[in-house]
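Dear colleague,

Here is the structure that I promised to pass on to you, followed by some notes on what was found in it. Please keep it open beside this message as you read.

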Amino acid sequence: MTRSLRTIGALFAACVPSLAASAAHADRSTISGNAGTITLDWQATQDKAGRPLIVGHMITYGARSGYCIPRLLVETLDSQGEVVARNTGFIPGYVGGYDNVYFEEPVRAPGPAYRVSIPSWSNCAGGQ
């Protein structure tokens, strides 16, 4: 059964340096979820055509229910750390209570740094 969305705002955020840097930088953030925690491990990289891309895993530890349709927010930051663009994507499908789901999200507006977060999801049980 799907419950109302839970919005957690910008509590779950991290930044990475520019894609122009010589090596991709990985980052990790953890927040409270459905009676457990959600961790995002992610990094800014490029696809085979050279376009900027955020790749990572949503990892959950414990939960009374899973997460349906987690929304993935990628914010492009300027050199002072101010948000200059936002893009919302989705982590596909159902993420269970003890799960590790891979995601990719294209960067629509490249910049010197990024912040990646899960601003909301639908609660669900049993993968339904």
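I would begin with Glu-75, Arg-86 and Arg-115, which are linked in a network of salt bridges, a salt bridge being a side-chain nitrogen of Lys or Arg within 4 Å of a carboxyl oxygen of Asp or Glu. Before going further, please note that this is a predicted model, in which local features need pLDDT of at least 70 and side-chain atom pairs count only at pLDDT 80 or more, while totals for chains, interfaces and linings use all residues. Residues are numbered from 1 along each chain as its sequence is written, and side-chain values use heavy atoms, with hydrogens and water left out.

**The salt bridges**

Side chains of opposite charge can pair when their charged atoms come close. In the network, the side chains of Arg-86 and Glu-75 meet in a salt bridge with an N to O distance of 3.0 Å. Because Arg-86 lies in strand S7 and Glu-75 in strand S6, this pair ties together parts that are eleven residues apart in sequence; strands here are DSSP runs (E, at least two residues), as helices are (H or I, at least four residues), and they are numbered from the N terminus. Glu-75 also forms a salt bridge with Arg-115, where the closest N and O atoms are 2.6 Å apart. That second pair links distant parts of the chain, with Glu-75 in strand S6 and Arg-115 in strand S10, 40 residues apart.

Which of these side chains are buried, and which are exposed? Glu-75 is buried, and so is Arg-115, where buried means under 20% relative accessible area, exposed means over 50%, and partly exposed lies in between (1.4 Å probe, protein chains only). For Glu-75 the relative accessibility is 5%, whereas Arg-86 has a relative accessible area of 59% and is therefore exposed.

A search of the whole structure finds three salt bridges, and one of them joins the side chains of Arg-51 and Asp-47, at 2.8 Å from N to O. Here Arg-51 is exposed, with a relative accessible area of 52%, and Asp-47 is partly exposed, at 24%.

**The strands and the core**

The protein has zero helices and ten strands. Strands S6 and S10 run antiparallel and are joined by nine bridges (two strands pair if DSSP finds at least two bridges between them), and Val-74 stands opposite Val-116 in S10. S10 is mostly covered, since twelve of its twelve residues are buried, and for the protein of 128 residues the buried share is 46%.

The largest nonpolar core holds 19 residues, of which Leu-40, Ile-54, Met-58 and Ile-91 touch the most other members; such a core is a set of buried Ala, Val, Leu, Ile, Met, Phe, Trp, Tyr and Cys residues joined through side-chain atoms within 4.5 Å. Two or more residues of this core come from each of strands S4 (37–46), S5 (52–61), S6 (66–77), S9 (100–106) and S10 (113–124). Ile-91 touches Met-58, Ile-69, Pro-70, Leu-72, Val-101, Phe-103 and Ile-118, not counting residues up to four places away in sequence.

One of those neighbours of Ile-91 is Ile-69, which lies in strand S6 and has a positive phi of about 50° although it is not a glycine. With a relative accessible area of 43%, Ile-69 is partly exposed. By contrast, Ile-31, found in strand S3 (residues 26–32), counts as buried at 11% relative accessibility.

**How far to trust the model**

The mean pLDDT of the protein is 77, and 74% of its residues reach 70 or more, pLDDT being the predictor's confidence in each residue, from 0 to 100. Among the elements, strand S1 (residues 6–7) has the lowest mean pLDDT, 31, and strand S7 (residues 83–90) has the highest, 95. Over residues 1–24 pLDDT stays under 50, although the model has 69 contacts for them beyond four places in sequence, a contact meaning heavy atoms within 4.5 Å. Where pLDDT is low, the predicted coordinates should not be read in detail.

With best wishes
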